[in-house]
Amino acid sequence: MSAVPEVPIRDDGIRLGQFLKLANLIESGAEAKEVIADGAVSVNGEVETRRGRQLVVGDEVTVGGVAVRVGSAH
């Protein structure tokens, strides 16, 4: 099993919808809203339906079987 890639963020936290775009897991905010509402996104192994969920460094986000970890830019 390969390591989960990290996508660095500038601040201490980022909203789920913003992170999905930053990590290139989705194309737009509208798509983020849709995949989150459909229950297709999980954070740390649990389905997340709140687009505004605050993520912190170390959180793992999975969409359609693709996992990415929130990393630190510092």
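1. A good place to start is β6 and strand β7 (residues 66-72), which pair in the antiparallel sense over four bridges; two strands count as paired if DSSP finds at least two bridges between them. Strands here are DSSP runs (E, at least two residues), numbered from the N terminus. Within this pair, Val61 stands opposite Val68 in β7.

2. Before going further, please note that this is a predicted model, where local features need pLDDT of at least 70, side-chain atom pairs count only at pLDDT 80 or more, and totals for chains, interfaces and linings use all residues. Residues are numbered from 1 along each chain as its sequence is written, and side-chain values use heavy atoms, with hydrogens and water left out.

3. Two residues separate β6 from β7 in a hairpin, and Gly64 in its turn has a positive phi of about 55°.

4. β6 also pairs with strand β3 (residues 41-43), in the antiparallel sense over three bridges. Here Val61 is the bridge partner of Val43.

5. Which side chains of β6 (residues 60-63) are buried? Val61 and Val63 are, pointing to one face, whereas Glu60 and Thr62 point to the other and are not. Buried means under 20% relative accessible area (1.4 Å probe, protein chains only).

6. Finally, the open sheet has five strands in the order β1-β7-β6-β3-β4, with mixed pairing. Its edge strands, β1 (6-9) and β4 (46-47), each pair on one side only.

Key. Buried < 20%, exposed > 50% of the residue type's maximum accessible area, 1.4 Å probe, protein only.
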